[in-house]
Amino acid sequence: MSAKLPSVLNATEEDIQLLLAAQSHLGTKNVDKAMEGYVWKRRADGIHVINVGKTWEKIVLAARVLAAVENPADVCVISARPYGHRAVLKYASLTGASPIAGRFTPGSFTNYITRSFKEPRIIVVTDPRVDHQAIREAAYVNIPVIAFCDTDAPLKHVDVAIPINNKSRHSVGLAWYLLCREVLRLRGTVPRGPTGPSGWDVLPDLFFYRDPEEIEREAAEKAAALAEGDADAAATDAAAAVAQEWNAGNAADAVFAAEPTDAALDWSADPAAGDWAAEPAPAGAAPAADATGGW
């Protein structure tokens, strides 16, 4: 890819395919003066195409800078755009950085009285145009800035610009994913090699923005499937109960069939010998003596 990087840091074919699939190389119709060096050419429809090779070089450079920070919590990752909220939080959970997802509270870097006051050693922003407040305050207190920049992004107070499409949710998520993976590789946390069960098992999908309506729809589908499964289980239990009652009825019929009937009893047989008219002897009485005296 580039002679400036060691061979181990060069992009693989899979990385380039991911960047192209996420449309990370497509910029805007406008181009900033400072971003002209990252533009490869301009299409017939006016869209500027970003040089993917330089995108990868800057991702590796930013990862080397971030990996050199001793305390991971001193890295502050910021995204005011909704497309970068999930990616920022995921990056922070995997690398230990401090995330700011959503509105940046003014004075977070300059006013120590505020509750959200931070003193990071370096910050990473998703869009210099949207996150301008964070970049301005970082410039006040001499904090280096790494930014994902589109072709029309202003580079004022930006120290490391990563040229990439930051308007697409897939492109933003993939940019944070590649940066996170490269940082973990340089730290030695993740082995360098193909992703998957043998290496890093985290997929870029976890960094992509998800629409709340889509999440609610999936939750409703899961609840409906669960309710359907419960209904099937209840029907199965009812069928089992009916079968058990049927078996119990059959068992009762078998017991009734085993009882003796009139055909099996002989009522004409003589009863056992004995005098039914004699009164019963009282308890403890001695037996009557024979009139013949025992002879």
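A nonpolar core is a set of buried Ala, Val, Leu, Ile, Met, Phe, Trp, Tyr and Cys residues joined through side-chain atoms within 4.5 Å. Keep that idea handy, since we'll come back to it once we've looked around. One thing to know up front: what you're looking at is a predicted model.

Let's start with the overall layout. The chain has six helices and seven strands. If you walk along from the N terminus, you meet them in the order α-β-β-α-β-α-β-β-α-β-β-α-α. Of the 295 residues in the chain, 36% are buried. On the outside, the chain exposes about 17800 Å², and carbon and sulfur atoms supply 56% of that area. Now think about who touches whom: among contacts with a separation of 6 or more, 58% are between residues 24 or more positions apart.

Next, find the sheet. Five strands form an open sheet in the order S4-S3-S5-S6-S7, and their pairing is parallel. Strand S4 (98–101) and S7 are the edge strands, each pairing on one side only. On average, neighbouring strands in this sheet are turned by 15 degrees against each other, ignoring direction. Want to zoom in on one pair? S6 and S7 run parallel and are joined by four bridges. Cys149 has Pro163 in S7 as its bridge partner. Then look for helix H4 (residues 132–140), which lies across S3, S5 and S6. Helix H4 runs at about 160 degrees to S5.

Now back to the cores. The largest nonpolar core has 41 residues, and those touching the most other members are Leu66, Val77, Tyr91, Val124, Trp176 and Leu179. Which elements each supply at least two residues of this core? The helices on that list are H1 (13–21), H2 (52–67), H3 (85–95) and H5 (169–187). The strands are S3 (75–79), S5 (122–125), S6 (145–149) and S7 (160–163). H5 gives the most, with ten residues.

To get a feel for this core, pick Leu66 and see what surrounds it. Leaving out residues up to four places away in sequence, Leu66 touches Val75, Tyr91, Ile122, Val124, Ile146, Leu179, Val183 and Arg187. Among these partners of Leu66, you can spot Tyr91, Val124 and Leu179, which are also named among the residues touching the most other core members.

That isn't the whole story, though. There's a second, separate core of 19 residues, and its members include Ile78, Val125, Ile143 and Cys149. You've met Cys149 already: it's the residue whose bridge partner is Pro163.

Note on methods: Residues numbered from 1 in each chain as written. Predicted model: local features only at pLDDT ≥ 70, side-chain atom pairs only at ≥ 80, totals over all residues. Heavy atoms only, no water. Buried < 20%, exposed > 50% of the residue type's maximum accessible area, 1.4 Å probe, protein only. Contact = heavy atoms within 4.5 Å. Areas by Shrake-Rupley, 256 points an atom, 1.4 Å probe, with all protein chains shown as cover. Pairing = 2+ DSSP bridges. Axes fitted to C-alpha atoms, helices over the stretch in contact; angles between N-to-C directions.
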